[in-house]
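Me: Could you pick one part of this model and take me through it slowly? Once that's done, I'd like to hear about the rest of the chain too.
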Amino acid sequence: MNKFSLVLLLLALMAGYVHADYAWQEKFDPIKATWDEISATWTDTAGGTAILTENDPVNDYGKVDSEIITVNLSAFPMLVVSSIAVDTDCSYTVQIQEEGGTYASQNVLTGIWGSGVQYVNIADVMGWSGTKTFKISIWIAGEGKTVTFDLIELRAENPVVWQEDFDPIKTTWLDNGATWSDPNNFSGTLGKLTESDAVNFYGSTESETITLDMDIYSELVIRSVDVNSSSAYLVGIQEQGGAGIYQDMTTYIEQSGTQIVNIADMLGWTGQKSFRIVIWMSGESKSAVFDYIEIRRPQAIPAWQDNLDPVKYTWYEFGAYWDDINGPEAILTEDNLGVAYGKVESESLLVDLNEYPILAVRSTAIDAGAKYSIGLQGQASPWPYVSLVDYQPEPAEHAFNILEETDWTGQQFFRIVIWIDGEMKGATFDMIQLRQLCGRSVVPGDYSDDCYVDLYDLAVIASDWLGVYDADDLTEMAGNWLGAN
């Protein structure tokens, strides 16, 4: 897809004419009539489910084929397959069969023996990009055995691949001495987990089985908004199949907040893994209330940032001042009497530069004749000053790797300094942050500041379309869609 076509697609997504999430979908409500039942059969059931039964007269395995699907895999590469029941001694495999081209065929999910949600980037597995034509084949193994499915779809690759947003609470949780309930009677997006074991003062609940590529989706995020006194929760991962490894991802959490852990790092996992999220609740009949639980692509979480909406009050102003304007922008104006330059300094920051080495700054406008400079001022003897950019005369996006620009390493104590030159001149900024490494430069089109250009950035643009953002921003997104530096 060329840049012009992608701009049109993004405009259509914003207008609501094209579904932003998926390109092809089987929700089984009712089941599509286009399936080719070769040696297995579909049985439509009430609601959005269907049962696939093996019925080959000779072999103990069979398959069904979808209709021929043509999809731009650069935009919609994720295959999602969700099952809610798998017979004992039964498994299923999902295969992609190219139509035309080299007629490539490959299993993208192999031997799935338990119910749950499986995610696979078929563009990566097949080595494909752009528009491809193919069938989805589902093989079922086990004489006369069945699998019940509730969703198969091809969707966009979003940063969040699995999520429990409690709107409503998923019915697939397996309660084992801890029980989910809605604290607001189906109003709002919260889930309340209560210890309910009749013998012990602790219990647990498990998600459905989730299958993911740990090299892509490894970050687990849990956000709680309330925890009862004398109570705590703990989050773990239980592998399904393989070595059956279990490991705690957190310690016991006694206060509400957000936990972010990398599953792959904690378990030393790579490639495709199947597992369940286990949440333990401690305290007789005690509860914790959660806002969301999700698994996502690791994001460049800022160690410190000012999105200038509003401007932080902690800046020190020396011959220059911040003028807050509507939206996530602010103007830095020189006002040093008798001298045509001034500066502002952030509060003193203590940052582990081995983890957060990138200083990203984005300016969006600058007065004629004005220039700005950016540096770092050490806050401990010998008080070193490091210049990162001098006399920038035009709006620009900067991402400085401090480890490369200085001889600093590890924890450092410093301030971010921005100079403005030009009598009463100004420059407009919309982002200043210290973050993890995602490239040597700011990713153009990354308006959500997570190092990727995707539907999250489209949502940012849509939130203030023709206010802060316009067609030029869409064009910038299109040129870097689903890319990262």
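Reply:
**One strand and its setting**

Of the chain's 485 residues, 52% count as buried. Keep in mind that this is a predicted model. The fold is written mostly in strands, with 36 of them next to 6 helices. Contacts also reach well along the sequence: among those with a separation of 6 or more, 72% are between residues 24 or more positions apart. The accessible surface comes to about 21,100 Å², and carbon and sulfur atoms account for 48% of that.

The part I'd pick is strand β23, residues 272-282. It's mostly covered, with 8 of its 11 residues buried. Let's go through its partners. Strand β17 (residues 202-206) pairs with β23 in the antiparallel sense, over 5 bridges. Strand β18 (residues 209-213) runs antiparallel to β23 as well, joined to it by 4 bridges. Then there's strand β20 (residues 232-239), antiparallel again, with 8 bridges to β23.

A few residue pairs help you find your way around. Methionine 281 in β23 sits opposite glycine 203, and methionine 281 is also the bridge partner of tyrosine 233. For β18, look at leucine 212, which stands opposite lysine 273 of β23.

What does β23 give to the nonpolar interior? The largest nonpolar core has 39 residues, and Phe275, Ile277 and Ile279 are among those with the most contacts inside it. Those three positions fall within β23, residues 272-282. Tyr233, the partner of methionine 281 in β23, is on that list of well-connected core residues too, along with Leu220, Ile293 and Ile295. As background, side chains in a regular strand alternate between the two faces of the sheet. A second, separate core of 37 residues includes Phe76, Met126, Ile136 and Ile140.

Step back a little along the sequence from β23 and you come to helix α3 (residues 263-267), which holds methionine 266. Buried or exposed? Methionine 266 is in between: its relative accessibility is 35%, so it counts as partly exposed. Beyond its sequence neighbours, methionine 266 touches Gln247, Asp248 and Met249. With Met249, 17 residues away along the chain, the C-alpha separation is 7.3 Å.

Now for the charges. Side chains of opposite charge can pair when their charged atoms come close. The structure holds 10 salt bridges. Glu219, Glu294 and Arg296 are linked in a network of them. Elsewhere, arginine 415 and glutamate 345 meet at 2.9 Å, N to O. Arginine 415 is in strand β35 (residues 411-421) and glutamate 345 in strand β29 (residues 341-345), so this salt bridge ties together parts 70 residues apart in sequence. Neither end is out in the open: arginine 415 has a relative accessible area of 14% and is buried, while glutamate 345, at 6%, counts as buried too.

Arginine 362 and aspartate 430 also make a salt bridge, at 2.9 Å from N to O. Arginine 362 belongs to strand β31 (residues 358-366) and aspartate 430 to strand β36 (residues 426-435), so here the parts tied together are 68 residues apart. Both arginine 362 and aspartate 430 are buried. And then there's a short hop in sequence: lysine 63 pairs with aspartate 65, with 3.5 Å between the closest N and O atoms, and both residues are buried.

Last stop, the aromatics. A search of the whole structure turns up 21 aromatic pairs. In one of them, phenylalanine 28 and tryptophan 42 are tilted, with 5.1 Å between centres and 45° between planes. Phenylalanine 28 is in the loop between β1 and β2, and tryptophan 42 is in strand β3 (residues 40-45). Phenylalanine 28 is buried at 0% relative accessible area, and tryptophan 42 is buried at 11%. Tyrosine 92 and phenylalanine 149 pair edge-to-face, with centres 5.0 Å apart and planes at 70°. Since tyrosine 92 lies in strand β8 (residues 91-98) and phenylalanine 149 in strand β12 (residues 146-155), the pair ties together parts 57 residues apart. Both tyrosine 92 and phenylalanine 149 are buried. Ring pairs bring these four into a cluster with Trp24 and Trp35.

Notes
Residues are numbered from 1 along each chain as its sequence is written. This is a predicted model: local features need pLDDT of at least 70, side-chain atom pairs count only at pLDDT 80 or more; totals for chains, interfaces and linings use all residues. Side-chain values use heavy atoms; hydrogens and water are left out. Buried means under 20% relative accessible area, exposed over 50%, partly exposed in between (1.4 Å probe, protein chains only). Helices (H or I, at least four residues) and strands (E, at least two) are DSSP runs, numbered from the N terminus. Two strands pair if DSSP finds at least two bridges between them. Contact means heavy atoms within 4.5 Å. A nonpolar core is a set of buried Ala, Val, Leu, Ile, Met, Phe, Trp, Tyr and Cys residues joined through side-chain atoms within 4.5 Å. A salt bridge is a side-chain nitrogen of Lys or Arg within 4 Å of a carboxyl oxygen of Asp or Glu. Accessible areas come from the Shrake-Rupley method with a 1.4 Å probe; for residues, only the protein chains shown count as cover. Rings of Phe, Tyr and Trp (its six-membered ring) pair if their centres lie within 6.5 Å; planes under 30 degrees apart count as stacked, over 60 as edge-to-face and the rest as tilted. Lists of a residue's contacts leave out its neighbours within four places in sequence.
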